Amino acid sequence: MAVVRTGPRRSAGILLHRASDRGVEVLIGHMGGPFWAGRDESAWSVPKGEYGPEEEPLAAAHREFLEELGLPVPDGERVPLGEARQSGGKIVTVWAVEGDLDPGLVVPGTFTMEWPRGSGRIQEFPEIDRAAWFGLPEARDRLVSGQRIFLDRLASSIAGRAEF
């Protein structure tokens, strides 16, 4: 029996951030696969993924971080940054976590799809093809537009903290 989804699709993710000599930096991933190859602006994402009604959003955010980066979420307080509806209708929920991670250690998960479309050939692609730390202004240019609101919410949540 097929599962019937009611309501919008939902994703959950973790926005890892740290203080540096350049200010606040966030870790984001460049989306893998042929649609994003050769693009930089608006082609990066918070590590996130879909979840169903049987899974708690924060648990899904942790699972997806691990699946996309191959590394667990660093220890630290999980600060809710709320939800945002993406242009395609998906609702994304994100938590901020202060911590550090070496992007050189990332081993991304993969997905399969028919490519080229209509060819009957199934290929495997990385969920993300690279991850990097960016200051908030640089991250804003790189993130898909529907996720930029999480940068604003992060900046608001850490405003006035002495270490930032």
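Let's start with Glu64, which is found in helix α1 (residues 57–69). Keep in mind that this is a predicted model. From Glu64 we can work outwards to the rest of α1, then to the aromatic pairs, and finally to the nonpolar cores.

**Glu64 and helix α1**

- Glu64 is buried, because its relative accessible area is 6% and the cut-off for buried is under 20%.
- Once you leave aside neighbours within four places in sequence, the contacts of Glu64 are Ala12, Lys48, Gly49 and Glu50.
- Glu64 has company: the buried residues of α1 are Ala60, Ala61, Glu64, Phe65, Glu68 and Leu69.
- Those buried residues sit on the same side of α1, because they cover an arc of only 140° around the axis.
- The general background is that an α-helix has 3.6 residues a turn, so residues three or four places apart point the same way.
- As for what lies over the buried residues of α1, the cover includes β1 (10–20), β2, β4 (48–51), β6 (91–98) and β9.
- The length of α1 checks out too: its 13 residues should span 18 Å at 1.5 Å a residue, and the end C-alpha atoms are indeed 18 Å apart.
- Right after α1 comes Gly70, which has a positive phi, near 75°.

**Aromatic pairs and a charge over a ring**

- Searching the whole structure turns up three aromatic pairs.
- One of them is Phe35 with Trp115, and it counts as edge-to-face because the planes are at 80°, with the ring centres 5.4 Å apart.
- Phe35 is in the loop between β2 and β3 (44–45), while Trp115 is in the loop between β7 (110–114) and β8 (122–126), so this pair ties together parts 80 residues apart in sequence.
- Phe35 is partly exposed, at 44% relative accessibility, and Trp115 is partly exposed as well, at 26%.
- Trp44 and Phe134 also make an edge-to-face pair, with ring centres 5.0 Å apart and planes at 85°.
- Because Trp44 lies in strand β3 and Phe134 in strand β9 (residues 128–135), that pair links parts that are 90 residues apart in sequence.
- Trp44 is buried, with a relative accessible area of 2%, and Phe134 is buried at 11%.
- There's a charge over a ring as well: the charged end of Arg18 sits over the ring of Trp133, 4.1 Å from its centre.

**Strand β2 and Gly23**

- Gly23 belongs to strand β2 (residues 23–31).
- Gly23 is partly exposed, at a relative accessible area of 26%.
- Gly23 and Phe134 are 111 residues apart along the chain, and their C-alpha atoms are separated by 9.8 Å.

**Nonpolar cores**

- The largest nonpolar core has 21 residues, and Leu15, Val26, Ile28 and Leu154 have the most contacts inside it.
- Two or more residues of this core come from each of β2, β5 (79–85), β6, β9, α2 (136–142) and α3 (148–158).
- α3 gives the largest share of this core, four residues.
- Not counting residues up to four places away in sequence, Val26 touches Leu15, Leu16, His17, Ala132, Trp133, Phe134, Leu136, Ala139, Leu151 and Leu154.
- Apart from the largest core there is another one, of 18 residues, and Ala60, Phe65, Val97 and Val106 are among them.

Terms used: Residues are numbered from 1 along each chain as its sequence is written. This is a predicted model: local features need pLDDT of at least 70, side-chain atom pairs count only at pLDDT 80 or more; totals for chains, interfaces and linings use all residues. Side-chain values use heavy atoms; hydrogens and water are left out. Buried means under 20% relative accessible area, exposed over 50%, partly exposed in between (1.4 Å probe, protein chains only). Contact means heavy atoms within 4.5 Å. Rings of Phe, Tyr and Trp (its six-membered ring) pair if their centres lie within 6.5 Å; planes under 30 degrees apart count as stacked, over 60 as edge-to-face and the rest as tilted. A charge sits over a ring if NZ of Lys or CZ of Arg is within 6 Å of the ring centre and within 35 degrees of the ring normal. The expected span of a helix is 1.5 Å times one less than its number of residues. The arc is that of the directions from the helix axis to the C-beta atoms. A nonpolar core is a set of buried Ala, Val, Leu, Ile, Met, Phe, Trp, Tyr and Cys residues joined through side-chain atoms within 4.5 Å.
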